[in-house]
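Me: I would like a close look at one part of this structure, with its surroundings described afterwards. Please keep the wording plain.

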Amino acid sequence: MASGFCSLGLSLTSLLSSHALARRVVLPTLRWRSSSISMSPPLRISRALSSAPISSSFTWDDVIETGRAEYATPHHSSNLTGFLQKVDRCNRGSEKLSEFIPFVIEEQIVGYIHKGFFTEYLSEFQDIFTFAQDGSCPDRVGDYVTLNPMFQKPEDRTRAVADVIKILADKGIIPGIRNELYPVKSSFNAPVLFSLERAAGPYFGLKGYGVHMNGYVERDGQKSLWIGKRSLAESTYPGMLDHLVAGGLPHGISCGENLVKECEEEAGITKIIANRAIAVGAVSYMDIDHYCFKRDVLFCYDLELPEDFVPQNQDGEVESFKLIPVAQVANVIRETSFFKANCSLVIIDFLFRHGFIRPEQSGYLDLYRRLRNGDCS
């Protein structure tokens with residue numbers, strides 16, 4: 001989504017297993033750092049979170065032309081290389097795993113923090129963050145970051161860390177503040193240990209969850225997908241292609257409730273219609289980009305829409321929509337980088353489930369497996 005994280009002494013295979021990431025660990029005695037590290041000049045690193053490698057200046061005409069041109073070429077329909085490249089785009093940076101150390105709360109590993117950049121800033125807040133050193137614990141956990149044990153309640157941790165995030169945001173260290181709180185926990189069904197500003201999640205290497213919905217129409221035996229083009233005013237991936245409906249999963253709301261909310265906000269889909277969406281599984285990925293570590297699980301939904309339905313964006317995040325035959329959407333994903341990176345994974349999963357990718361194609365099982373390259377716990 002190699003080597004182990006720092007001195008954890010674990011193979012990558014075991015470390016990225018759901019057991020290893022959610023396991024309870026025995027921590028050595030917590031110690032404060034005795035010396036203060038001078039705050040480096042603030043670095044603006046928004047590219048670490050929005051590093052889409054292409055221009056978003058393409059038009060719908062470009063999208064349609066690409067889809068139709070490749071759709072007419074038979075040999076392209078059996079070539080999965082372009083899909084594999086899109087999956088790899090979401091799973092960069094495995095060679096940088098050793099640059100991160102665990103973030104531990106209540107003896108649970110909840111994230112991973114860059115030890116050469118972000119820990120330097122956190123070390124200035126010694127009344128909130130603690131840097132534990134190697135101890136004599138049986139599994140040699142090694143260096144890790146945790147919170148001052150005086151913060152025993154989730155709400156206390158939330159307030160304390162929020163103060164730090166605000167300071168770092170004001171200094172330009174954490175860009176794109178959204179004022180949305182996301183839960184911090186070791187796995188999806190684990191207790192929430194505290195809540196953290198969404199924009200800060202990748203800097204702490206937290207597990208992130210989202211809902212992504214493929215809205216499709218079937219007419220005369222042909223399926224077409226409603227595709228959105230993101231507003232140019234969006235702070236991340238402006239102007240790029242997106243699902244009809246997608247959103248991160250905030251604290252205190254279920255996947256189903258969040259999907260209904262996003263359906264209304266992003267496409268004007270009523271609750272009655274949104275409740276027909278079918279949960280069809282999940283995809284996952286692990287992406288290390290500069291100082292950020294995204295460990296995301298996307299819950300996938302399919303919704304068959306009425307033939308006469310036309311989406312209407314309500315929150316200003318989508319510039320426009322187009323209804324495009326699925327086979328043409330597949331070609332756009334395979335041949336271009338027009339789509340927001342993680343949306344490609346969800347649509348590729350749709351292609352598997354609806355028979356557009358078949359076992360006879362070379363690389364079928366490899367592509368299917370790699371759609372779930374991250375830890376799905």
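How close do the axes of helix α4 and α9 come, and at what angle do they cross?

Reply: The model is predicted. In it, the axes of helix α4 (residues 81–89) and α9 come within 7 Å and cross at roughly 65°. This crossing of α4 and α9 is left-handed. On the α4 side, the residues that take part are Gly82, Phe83 and Lys86, and they meet Ala330, Ile333 and Arg334 in α9.

Helix α9 covers residues 326–335, and the loop between α9 and α10 (341–353) holds Phe338. Phe338 pairs with Phe58, which sits in the loop between α2 (18–22) and α3 (60–71). The two residues are 280 residues apart, so the pair links distant parts of the chain. A pair of aromatic rings is described by the distance of the centres and the angle of the planes. For Phe58 and Phe338, the centres are 4.0 Å apart and the planes are at 15°; rings whose planes are under 30 degrees apart count as stacked, so this pair is stacked. Both Phe58 and Phe338 are buried. Phe58 has a further neighbour: Lys229 lies over the face of its ring, at 4.7 Å from the ring centre.

A similar arrangement involves Arg372, whose charged end sits over the ring of Tyr368, 4.5 Å from its centre.

Across the whole structure, a search finds 16 aromatic pairs. Ring pairs also join Phe103, Phe118, Phe129, Phe194, Tyr203 and Phe204 into a cluster.

Strand β1 (residues 100–105) includes Ile101. Ile101 has a relative accessible area of 7%; buried means under 20%, so Ile101 is buried. The C-alpha atoms of Ile101 and Tyr144 are separated by 5.4 Å, although these residues are 43 residues apart along the chain.

Another helix, α7 (residues 255–267), allows a check of length. Its 13 residues, at 1.5 Å a residue, should span 18 Å, and the end C-alpha atoms are 17 Å apart, which agrees. The expected span is 1.5 Å times one less than the number of residues. The buried residues of α7 are Cys255, Asn258, Leu259, Val260, Glu262, Cys263, Glu266 and Ala267. Among the elements that cover them are β7 (207–219), β10 (245–248), α8 (271–274), β12 (292–304) and β13 (318–325). Just after α7 comes Gly268, with a positive phi of about 65°.

Key:
Residues numbered from 1 in each chain as written. Predicted model: local features only at pLDDT ≥ 70, side-chain atom pairs only at ≥ 80, totals over all residues. Heavy atoms only, no water. Phe/Tyr/Trp six-rings, centres within 6.5 Å; stacked < 30°, edge-to-face > 60°. Helix = DSSP H or I, 4+ residues; strand = E, 2+ residues; numbered from the N terminus. Buried < 20%, exposed > 50% of the residue type's maximum accessible area, 1.4 Å probe, protein only. Lys NZ or Arg CZ within 6 Å of the ring centre and 35° of its normal. Contact = heavy atoms within 4.5 Å. Axes fitted to C-alpha atoms, helices over the stretch in contact; angles between N-to-C directions. Left-handed = near helix turned anticlockwise from the far one by under 90°.
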